[in-house]
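I opened the notebook to record a look at side-chain packing and charge pairs. The structure goes in here before any entries.

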Amino acid sequence: MPTKQNQKTDTKDLPYSVKVLLIGAVGGLLWSCIWYGAYFFNFTDVGPNLFWMAWSLGDWTEEKTGQWLAILMITISSIAIAFLYRYSLAKISSMWMGIGFGAVLWVLIFYIANPLFVGLDSVQELSNITITSTICLFISYGLFVGYSIAYEEELQKYGGT
């Protein structure tokens, strides 16, 4: 039977950087899969394959393979986004910061980077359901990543487990 000292070392927490990496990966995977579901059920005209629209890669990007590979790439990119959040906004422990972060990501992709994405209509030309669905997805993603990282930041600051 393990002693209390052994139990304590067995349940040792992961390093903060690993937690941020996992939050980013899980957030990217979860919310891009939900995005694909929304695309599949026609809640949005734009799916995760938006990731490929910056390059002319062929018709495979429109198929399931392109969607799933885009989900993989979004998951990997989300790790970098999580670290960006950690180093810039994690000290602000508010759900509103995560919501704002997701909204800013949406604006960056759909307004500012829009000319890079071949075949993506301007926001004014997108359907209302596409705009509403994608804004909700990005805000939910930002809330998930932002609040999770802010929570871990608070645990680090106050020495919680």
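My entries on the core, the surface patch, the rings and the salt bridges follow.

**Entry 1: the model**

I am working from a predicted model. I keep that in mind for every value below.

**Entry 2: the core**

I began with the largest nonpolar core, which has 28 residues. Which of its members touch the most others? I found W35, L50, F110, L120 and I149. Next I asked which helices supply at least two residues each. Helices α2 (16-40), α3 (64-89), α4 (95-112) and α5 (128-158) each do. As a general note, nonpolar side chains in soluble globular proteins tend to be buried together.

I then took L50 by itself. Leaving out residues up to four places away in sequence, I listed its contacts as W35, I109, F110, F117 and L120.

**Entry 3: a nonpolar patch on the surface**

I turned to the surface. Which residues form a nonpolar patch there? The members are V104, V107, L108, Y111 and I112. Together they have about 450 Å² of accessible area. I checked two of them. V107 sits in helix α4. Its relative accessible area is 34%, so V107 counts as partly exposed. Y111 is partly exposed as well, at 42%.

**Entry 4: aromatic rings**

I counted eight aromatic pairs. In one of them, the ring centres of Y85 and F101 are 4.9 Å apart. Their planes stand at 75 degrees, so I logged the pair as edge-to-face. Y85 belongs to helix α3 and F101 to helix α4, and the two are 16 residues apart. The pair therefore links distant parts of the chain. Buried or exposed? Y85 and F101 are both buried.

I looked at W106 and Y111 next. Their ring centres are 5.9 Å apart, with planes at 80 degrees. This pair is edge-to-face because planes over 60 degrees apart count that way. W106 has a relative accessibility of 6% and is buried, whereas its partner Y111 is partly exposed. Y111 also belongs to the surface patch in Entry 3.

Which residues do ring pairs link into a cluster? I wrote down W35, W106, F110, Y111 and F138. Of these, W35 and F110 also came up in Entry 2 among the core residues that touch the most other members.

**Entry 5: salt bridges**

How many salt bridges does a search of the whole structure find? It finds three.

The E152 side chain meets that of K19, at 3.1 Å from N to O. E152 is in helix α5 and K19 in helix α2, so this bridge ties together parts 133 residues apart in sequence. Both E152 and K19 are buried.

K91 pairs with E153, and their closest N and O atoms are 3.0 Å apart. K91 lies in the loop between α3 and α4, E153 in helix α5. The bridge therefore ties together parts that are 62 residues apart in sequence. K91 is exposed, at 67% relative accessible area. E153 is buried, at 13%.

K157 pairs with E154, with 3.6 Å between the closest N and O atoms. Both are in helix α5, three residues apart, which means about one helical turn separates them. K157 is exposed, at 52%. I noted E154 as partly exposed, at 23%.

How values were computed. Residues numbered from 1 in each chain as written. Predicted model: local features only at pLDDT ≥ 70, side-chain atom pairs only at ≥ 80, totals over all residues. Heavy atoms only, no water. Core = buried A, V, L, I, M, F, W, Y, C linked by side-chain atoms within 4.5 Å. Buried < 20%, exposed > 50% of the residue type's maximum accessible area, 1.4 Å probe, protein only. Helix = DSSP H or I, 4+ residues; strand = E, 2+ residues; numbered from the N terminus. Contact = heavy atoms within 4.5 Å. Patch = residues over 30% accessible without salt bridge, like charges linked within 9 Å, V, L, I, M, F, W, Y side chains within 5 Å. Areas by Shrake-Rupley, 256 points an atom, 1.4 Å probe, with all protein chains shown as cover. Salt bridge = Lys/Arg side-chain N within 4 Å of Asp/Glu carboxyl O. Phe/Tyr/Trp six-rings, centres within 6.5 Å; stacked < 30°, edge-to-face > 60°.
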